[in-house]
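Please open the structure in your viewer and keep the selection panel at hand. The tour moves from one selection to the next, with a short account of what is there.

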Amino acid sequence: MSPIHTESAFGEAIVAAMVERGWREARPQDYQADLGLDTNELFTFIGATQPDEWNGLLTLYGGDPNEAQRGFATRLDQAIATNGLLDVLRNGVKDRGVRLRVAYFKPNLVAHDSVLDGYRANRLTVVRELEYATKQADWGNRLDLALFLNGIPVATAELKNPLTRQGVEEAKEQYRTDRDPTELIFTRRVVANFAVDPDLVFVATQLKGGGAGQQEYKILVVAEKYQTGFDQPLLTTMYVNKTLTGISAVQTLSRLNRTADRKTQADLAVLDFVNDAEDIQESFRPYFEEANTLPTDPNLLYTAQSRVMQAAILSGQEMDEFAAAYFAAKEKAAGSQSKWEKLHAELYRLLSPAVARFTALLESEDEDDQETAEDFRADLNDYVRKYGFLAQIVPYRDAELERLHLYGRYLLNRLPRRADGGVDIGEVDLSHLRVEKTGEYDVSLSPEGPATMPGFSDGSGGAKESEKSLLSELIEKFNERFGTEFTEQDVIQPFEEAKADPKVRAAAVANDEENFGLVFDDVFADKMADHIDTIADMGRQYFGPDKGFKSSLDRSARKAAWRMIRREEGLDDDF
């Protein structure tokens, strides 16, 4: 049996997410492989958006709807073969002197809401298990997913689930060896073919078959665990477009260190659009020679567990039910990957009560509730990470720790995030791009002796650097909440000036943190306004329409300033 038939749960999850966002699931039998179209969707779109033009074309075809549809579909195929799919989607097709649009793009300028009528009429559909073949070699083959715009296939996807012991490499191989690249859908329709597993996605704009020695994928876009864990000895060049600090910088850039025949130091290059060479050098310094870590307290796991359970989100009974269902599913699957895949997908229903409680807090208008939700997410992630590390070196025999780890791993994937407050400015066509070379840097280090690294520590920020500032830790937590990538440097100048203000320092000494905010918040806002030109990105969001962003940053800065001033004045943090 073809591997695509064992990916049903993964495919169901993807389709469900797409349907939630406005797509519709269409029927595979409506696709006409010889035309490369879902004619039901195509002519429903044309009839709804251009009735007069269609009636005019119908007259030219002698009033026969079937003849008109067949003739237009043939003309559409000719136009795509001549001009390419993207040109046809943008400009439409002229048949017997009548121009028909087959898609509407979002206009750059919206003077009136009615301008968007055509764009909103687009019909986005997804089809599972699409039989696409027109040639005998591929008869019976099915594509896991096909994406359609107004009945025209624009993308395909082959899905693989690690639970079937297959991943993205097997999906790529399926395109190479089990898909005829000369099929109509690949040559004159889709513009992208995706190889997908839950952790990684590759995309190819053209299929070339499985020729010997062929190299189809030369650029890999990575994030998260693939950023620091991808191993490819032939990798020689890295493009960096995000801030890298500390161990993340070391692990990421060290992907270039893998050795291969004829690969030399001279072949390696990092094109960095964000970071300063000096900062990268400082990140590598502690690990250059010998790094000794301090001992780790095994009781940290119990501390992390207590922190997670403080929020009224988790239920011991629900976790017990999930654990029982999980192990029952493994036993029922009896080693069958297809059975386990289906049972595995059903487990997510048992997480719904906790997800609902979390969502209620996250979407509450009370900022304290929102902060409780985000703190819970950070604390649960911290617990799961700590357990994964400590359980390898400490023989825990507490069933409650294992239960929370099992439940937490699955729950984290289901917790929603708040909207980022972004504004849709419509379609943007990039006409010019300027890349300016700022210099070439040698960040090699000189021997300075062994370095002592902090051990695994308490707190959801992970292992802390000894000189890491409280403000930096709070900014990291702020970034986790809003999905931003700000650093301490983005706010340090207005923060330091506000902290140095005599009124602010006097208020910190004489008040608790809440009353301190009555003085600090106004001063901090004034300093942010004073430096708006130098903190452009953060400043725009701080003074933007999302009041939650300003309130959260004020809270983070206030907490850091109050503690730091009291520490400098020799006072205990506990008021």
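The stops below begin with the whole chain and then turn to strands, cores and helices.

**The whole chain**

Before selecting anything, keep in mind that what you see is a predicted model. With the chain of 575 residues in view, 42% of them count as buried, and colouring by secondary structure should bring out 23 helices and 14 strands. Among the contacts between residues at least 6 apart in sequence, 68% join residues that are at least 24 apart.

**Strand E6 and its partners**

Select residues 124–131, which form strand E6; six of its eight residues are buried, so the strand is largely enclosed by the rest of the structure. Now add residues 24–25, strand E1, which runs parallel to E6 and is joined to it by two bridges. Within this pairing, Arg24 has Thr125 of E6 as its bridge partner.

Next, add residues 142–149, strand E7, which pairs with E6 in the antiparallel sense over seven bridges. Two places are worth labelling here: Val127 stands opposite Ala146 of E7, and Leu130 stands opposite Leu143 of E7.

**From E7 to E8**

Is E7 largely enclosed or not, and how many of its residues are buried? Seven of the eight residues of E7 are buried, so this strand, too, is largely enclosed by the rest of the structure. Extend the selection to residues 152–159, strand E8, which runs antiparallel to E7 and is joined to it by five bridges; in this pair, Leu145 stands opposite Ala157 of E8. E7 and E8 form a hairpin with two residues between them, and Asn150, in the turn, has a positive phi of about 55°.

**The nonpolar cores**

Keep Asn150 in view and select Val102, since Asn150 is one of the residues in contact with Val102 when neighbours within four places in sequence are left aside. The other contacts of Val102 include Leu42, Phe45, Phe72, Leu76, Leu89 and Ile152.

Val102 also belongs to the largest nonpolar core, which has 38 residues, and it is among those with the most contacts inside this core, together with Leu42, Ile46, Trp54, Phe72, Leu76 and Leu89. Select residues 65–83 as well, because this is helix H4, and its six residues are the largest share of this core. Apart from this core lies another, of 31 residues, and to find it you can select Phe358, Phe376, Leu401 and Leu411, which are among its members.

**Three helices, two crossings**

For the last stop, remember that two packed helices are described by the angle between their axes and the distance between the axes. Select helix H19, residues 492–500, together with H20; their axes are 5 Å apart, and they pack at an angle of about 70°. The two helices are therefore roughly perpendicular to each other. Ala498, Lys499 and Ala500 of H19 make the contact with Pro502, Val504 and Arg505 of H20, and by class these are four nonpolar, no polar and two charged residues.

Then keep H20, residues 502–510, and add helix H23, residues 547–568, which packs against it at an angle of about 80°, with the axes 9 Å apart. That angle makes H20 roughly perpendicular to H23. Here Val504, Arg505, Ala508 and Val509 of H20 meet Trp562, Ile565, Arg566 and Glu568 of H23, and the residues of this contact divide into five nonpolar, no polar and three charged.

Terms used. Residues numbered from 1 in each chain as written. Predicted model: local features only at pLDDT ≥ 70, side-chain atom pairs only at ≥ 80, totals over all residues. Heavy atoms only, no water. Buried < 20%, exposed > 50% of the residue type's maximum accessible area, 1.4 Å probe, protein only. Helix = DSSP H or I, 4+ residues; strand = E, 2+ residues; numbered from the N terminus. Pairing = 2+ DSSP bridges. Axes fitted to C-alpha atoms, helices over the stretch in contact; angles between N-to-C directions. Parallel < 35°, antiparallel > 145°, perpendicular 65-115°, else oblique. Contact = heavy atoms within 4.5 Å. Nonpolar A, V, L, I, M, F, W, Y, C, P; charged D, E, K, R; others polar. Core = buried A, V, L, I, M, F, W, Y, C linked by side-chain atoms within 4.5 Å.
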